[in-house]
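Student: Could you take me closely through the pocket in this model, starting with how such a space is defined and going on to what lines it?

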Amino acid sequence: MEGNLNALTTVFTEFYYWATIPLMFFIHIGFCMYEVGASRRRNHMHTLMKNTMLIPLVTITFFFFGWWLYWAMPNGPWITGGLDVAAGAANTPWSETMGPNAGDRITGVFWAAFLLFSWTAASIVSGSVIERINSGAFWILAVVIGSVAWIIDAAWGWHYGGWMVQLLGYHDAYASGVIHAIAGGFALGILVVLGPRLGKFAADGTPRDINPHNPWMVCLGLFFIYAGFWGFYVACNVPIIDPPTIGGEITGDTWTATTIYLTPTTLGAITVNFLMSLSGGLLVGYLVSGGNAFWTYSGGLAGIITASAGNDLYHPIHAMIIGGFGTWCAYKLHFWVERKFRIDDAVGAVAVHGYAGFIGLVICGFVLWGHPSSPYEGYAAINPLGQFVGAIIMFFVLGFLPGWVVAKILAAVGVLRIPKQVELLGLDFANNRDEQAAAADVRATEKAAV
Amino acid sequence: MSTTGIESWAVDLKDVGAIYPLQGLEGLFVIIGVVLWLGWHVMQMRAEKADYDDTVSRHGDDASVNEALEGD
């Protein structure tokens, strides 16, 4: 770091990304509360552990190969160029910059910010498959979405040199597609193979409500996800950079915050739009669900997710209306798909993340039509067709397809779904019996001591 | 001698890079890490299957399942 300004910029950037990481931890706390609250009492602890253990597994695999994929694959490879070996080399698990290094203050915090997105992608999937998936099978799927599929989509569509940005004008500033649509699609791919929980559907296909054991805990979990979402939004920006460092078409010396594409935005813009899209989602979620707390809170989340693709640029009223519209669509689609295809998405994750994310990408193509997707010359501008193709890639190609294929393989070797008797007894059955026996033994001993 | 290669802080920091111990063995560390990761999956899948097999063999009869559902 030569010069005070460079030193200040580097240390500020280091601290900026670091601060997003504990904030994003709240997303995972929220997902755990939400998922456990939605499960029945007989499945609590297994449900909690299923979500919790994706943390270490996605973390170490993201270290082993996920981070390298992001830097090596923005060209496809072989779409706009080959494998980016040079950029990848600095981000291999054996690179000197991946350990404590006095010459590199940014790689570690940047890696961790991306990692927390990986957890989110896997955690979105976790809720939809509760109460019947084999934990070990889920953890393999978590690695596939968290350390492979989503990070390839990030290299393609959430990188300043990604081929989707260059050729399609793909714009997804706060991850409507690159996190939410892909995770929703991946969850749907698994659900098609996994099947519904026992008793979810009547013989004629009518869905039954399997109520959360603790609706209050579910809603509080969603509230925590809102809180963590602030870290997620902030982590999507480059906090401070000057045009010569960007090296694109921007002239002058005015420093700015940018999106991941290095296009200018401000923290003020995304703060207002986050709140307005949250509000649009909450307002519509409340109305469309008749005041149901779970769907109102989920509506808030769907509102943010729908508007996220363009929340760096939307007017706040756009953000509110787009958030509300996406929420309405997600709610209606959830119940339509559930009835039509007998898909048992226990927490509505496919709708809130997948459908809302997909719709948000398409809307962004119309509202931001013609806006430059990049500060670099020769990139396609944002456009409806590019966004639609991008949404298909996110939801189906990198989401649904890998989820379906890996779930099929796991099912073929007999490890995807738990045995029927265990599902009926409850995943925690053996543990609960041991605990009851231990408690009875203590009570008997205490009575004998009277 | 120092495992980190740093024996004194009488240096200009712009000349300092990696400061973790045993530099040069990163590839070996990664191989060990990957083996531990894959081994964990194998052990976990075996243990989970054994747990379910045990539960089904001890409590998987219709009467036990019905009793459990009554108490749910």
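Tutor: On a 1 Å grid over the protein atoms alone, a pocket is an open set of points with protein on both sides within 12 Å along at least five of seven lines, where a 1.4 Å probe serves for cavities, and a lining residue has an atom within 4 Å of a point. This is a predicted model, in which local features need pLDDT of at least 70 and side-chain atom pairs count only at pLDDT 80 or more, while totals for chains, interfaces and linings use all residues. Residues are numbered from 1 along each chain as its sequence is written, and side-chain values use heavy atoms, with hydrogens and water left out.

The largest pocket holds about 650 Å³ of space, a volume being the space filled by probe spheres set on grid points that are joined across faces, edges and corners. Its lining consists of 26 residues, and those nearest the centre are Thr13(A), Ile106(A), Val238(A), Ile241(A) and Thr245(A). Two or more lining residues come from each of helix 1 (4-38), helix 3 (54-72), helix 5 (107-128), strand 1 (238-241) and helix 10 (243-246) of chain A, where helices (H or I, at least four residues) and strands (E, at least two) are DSSP runs numbered from the N terminus. Helix 1 of chain A gives the largest share, six residues. By class, the lining of the largest pocket divides into 17 nonpolar residues, eight polar and one charged, with Ala, Val, Leu, Ile, Met, Phe, Trp, Tyr, Cys and Pro counted as nonpolar, Asp, Glu, Lys and Arg as charged, and the others, Gly among them, as polar.

Conventions. Chains lettered and ligands numbered in written order.
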